[in-house]
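Trainee: I'm new to this one and would like a close look at a single part. Could you pick a spot where two pieces meet and walk me through it?

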Amino acid sequence: MSAPLSSRRNKLAPDPDVRCAILDAASRSMDDHGVRGLSVAAVLERAQLSTRAFYRHFESKDQLVAAVFLEIARGETQRLRRKMANTQGPVEAVAAWIDGRLDVAFDENTEFRLRRLSLEAHSKAFSSAEMVSPAYNTILEPLVEQLERGLELGAFEDIVPATAAKSIDGVVWAGSQRRLATHRWDRAEIRERVLRFCLRGLGVAAETIERVAGRDAAASA
């Protein structure tokens, strides 16, 4: 008996250039319409590609959205690593990560699409966790690394780095969300509150917290 026709066909392998074209078109579509307004048909029209080309690279719209979130998260993670690169130790590196994430809400130079898609990603964190988890975990990676380093060096006490990172992100997001929603609150005040709360939770010495979280700290400039 001959093999089914479908199994005899040579399935085309994914093409990195085509995948990038789809991601770029999807990213621009999400800039214009948000995740809810994203249409696969509109993405393909923008990219001038066929439905067949889409399904060679993605199984669904949700998988496409997850891939866009991940690409943006990778760029954001590189930015955070640059901010953390020249810090004196793990406590200062954690503070730099927090400062970097506060940029999304407070720095007018932060890319608008990062701000908008951060809001969208957080809104889907519970309803569509599988869509945003890879991006979320990517952004947390440099923070987890510094928490692990600080635990080894004795700068932090009795923490589980992965869990602590999620808690820190939650505190940062709470302050950022209030700013994004109301356009009020002073960055220095929110920064100080977030840092004091998070560093106390990590078991950082009081004098170190005072130095890092003080209103006149250089990192808040």
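Mentor: Let's go straight to helix 6 and helix 10 (residues 187-201), which pack at an angle of about 140 degrees. Their axes lie 11 Å apart. Bear in mind that this is a predicted model. Those two values are the ones to start from, because two packed helices are described by the angle between their axes and the distance between the axes. What do we call this arrangement of helix 6 and helix 10? Angles over 145 degrees would count as roughly antiparallel, and helix 6 and helix 10 are therefore oblique to each other. As for handedness, their crossing is right-handed.

Now see who touches whom. Helix 6 brings Val91, Val94, Ala95, Ile98, Asp99, Leu102, Asp103 and Phe106 to the contact. From helix 10 come Arg187, Ile190, Arg191, Val194, Leu195, Cys198 and Leu199.

Pause on one name from that list, aspartate 103. You'll find aspartate 103 in helix 6, which covers residues 90-106. Is aspartate 103 buried or exposed? Buried means under 20% relative accessible area, and aspartate 103 has 7%, so it counts as buried. Its side chain has a polar partner, too: the side chain of aspartate 103 makes a polar contact with the side chain of arginine 79, at 2.9 Å.

Arginine 79 leads us on to another helix. Helix 5 spans 61-84, and the buried residues of helix 3 pack against helix 5. Helix 2 (16-33) and helix 4 (51-57) are packed against by those buried residues as well. Which residues of helix 3 are buried? In this helix, residues 40-47, they are Val43, Leu44 and Ala47. They cover an arc of only 95 degrees around the axis, which puts them on the same side of helix 3. Turn to the face pointing away from that buried side and you meet the exposed residues Ala41 and Glu45.

Have a look at both ends of helix 3 while you're here. At its start, a side-chain oxygen of serine 39 comes to within 3.3 Å of the backbone nitrogen of alanine 41. Just past the helix, glutamine 48 adopts a positive phi of about 55 degrees.

Finally, step back to the whole chain. The protein has 11 helices and 0 strands. Of its 221 residues, 46% count as buried. Among contacts with a separation of 6 or more, 66% are between residues 24 or more positions apart.

Technical notes
Residues numbered from 1 in each chain as written. Predicted model: local features only at pLDDT ≥ 70, side-chain atom pairs only at ≥ 80, totals over all residues. Heavy atoms only, no water. Buried < 20%, exposed > 50% of the residue type's maximum accessible area, 1.4 Å probe, protein only. Helix = DSSP H or I, 4+ residues; strand = E, 2+ residues; numbered from the N terminus. Arc of directions from axis to C-beta. Contact = heavy atoms within 4.5 Å. Polar contact = N/O pair within 3.5 Å; in protein donor to acceptor, adjacent residues only side chain to side chain. Axes fitted to C-alpha atoms, helices over the stretch in contact; angles between N-to-C directions. Parallel < 35°, antiparallel > 145°, perpendicular 65-115°, else oblique. Left-handed = near helix turned anticlockwise from the far one by under 90°.
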